[in-house]
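Biologist: I have a model open and want to learn how to read it. Can we go feature by feature?

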Amino acid sequence: MSPFFIGKDARDLDQLLRGLYRWNSNYKMYGLGLWSAQAWAEFAILDMLGRIANKPIGALLGGVVRQEVPYYVASGRRDTTPEQEIEWLKKLLAESGAKALKFRVGGRMSDNEDAMPLRTEKLIPLVRKTFGDAMDIHADANSSYDPKEAIRVGHLLEKIGVVHYEEPCEFDHFDEMKTVADALTVPVACGNRSSASGASAG
């Protein structure tokens, strides 16, 4: 990435990023290997421009919208019983101070198989019962289901008022994801690449 930017006008960032995509056929590296490195370069340029202008990066992007960002704490575990998962979530919340949480449903790319029998059905209502109505709750299936099962689990999540339902079907099967989204009132997310057990922006 770095050699492409040397000697170029940093103020022309949009065109630079377009050129970077084509330079050395970078577009053939489509994915995180390319996008992460591109993001690092882009933020370095924005940081440099902000220092020159003596302004925060947010001011260069149309203005600072907020000074604080809400976040949730995410459990990446599926090796726990529902009761054990509740204790684990309590620990994560206590350590982080987060006001929202995310837990896992299904078995992770498991063709409708749960991590253990009836774990998901028991865990969903238990999370809301334990943490109350004030807690923002997110659920991540990690591509566990076909559309029919994803919709069934989605209705369980609707009953407890989750904020969003992440990756119910294979994350790159967009038609399946749309089928699920159209059948539910809860927002369906195609996923993110955040840490499995750390705090994530949300």
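Biologist: Is Trp35 buried, partly exposed or exposed, and why does it count that way?

Modeller: Remember that this is a predicted model. Buried means under 20% relative accessible area, and exposed means over 50%. Trp35 has 39% relative accessibility, so it counts as partly exposed. Trp35 sits in helix H3, residues 32-53.

Biologist: Which residues form a nonpolar patch on the surface with Trp35?

Modeller: Tyr21, Tyr27, Tyr30 and Leu32 join Trp35 in that patch. Together the five have about 550 Å² of accessible area.

Biologist: What about Leu49: which helix holds it, and why does it count as partly exposed?

Modeller: Leu49 is in helix H3 as well. Its relative accessibility is 21%, so it counts as partly exposed; the cut-off for buried is under 20%.

Biologist: What does Leu49 touch beyond its sequence neighbours?

Modeller: Setting aside residues up to four places away in sequence, Leu49 touches Ala10, Arg11 and Leu60. Take Ala10: it is 39 residues from Leu49 along the chain, yet their C-alpha atoms are separated by 7.7 Å.

Biologist: Now the interior. How many residues does the largest nonpolar core have?

Modeller: In soluble globular proteins, nonpolar side chains tend to be buried together. Here the largest nonpolar core has 31 residues. Leu101, Phe103, Val105, Val127 and Tyr165 have the most contacts inside it. Helices H5, H6, H7 and H8 and strands E2 and E3 each supply at least two residues of this core. H5 gives the largest share, five residues. Another core, of ten residues, lies apart from it and includes Phe5, Leu16, Leu17 and Ile45.

Biologist: Which residues is Val105 in contact with, leaving aside neighbours within four places in sequence?

Modeller: Among them are Arg78, Thr120, Ile124, Ala139, Val153 and Tyr165.

Biologist: How do I check a helix such as H6, and why does its span agree with expectation?

Modeller: Compare the expected span with the model. At 1.5 Å a residue, the 13 residues of H6 should span 18 Å, and its end C-alpha atoms are 18 Å apart, so the two agree.

Biologist: Which residues of H6 are buried, and what do they pack against?

Modeller: Arg119, Thr120, Leu123, Ile124, Val127, Arg128 and Phe131 are buried. They pack against H5, E2, E3 and H7.

Biologist: Which residue follows H6?

Modeller: Gly132 does, with a positive phi near 80 degrees.

Conventions. Residues numbered from 1 in each chain as written. Predicted model: local features only at pLDDT ≥ 70, side-chain atom pairs only at ≥ 80, totals over all residues. Heavy atoms only, no water. Patch = residues over 30% accessible without salt bridge, like charges linked within 9 Å, V, L, I, M, F, W, Y side chains within 5 Å. Areas by Shrake-Rupley, 256 points an atom, 1.4 Å probe, with all protein chains shown as cover. Salt bridge = Lys/Arg side-chain N within 4 Å of Asp/Glu carboxyl O. Helix = DSSP H or I, 4+ residues; strand = E, 2+ residues; numbered from the N terminus. Buried < 20%, exposed > 50% of the residue type's maximum accessible area, 1.4 Å probe, protein only. Core = buried A, V, L, I, M, F, W, Y, C linked by side-chain atoms within 4.5 Å. Contact = heavy atoms within 4.5 Å. Expected span 1.5 Å × (residues − 1).
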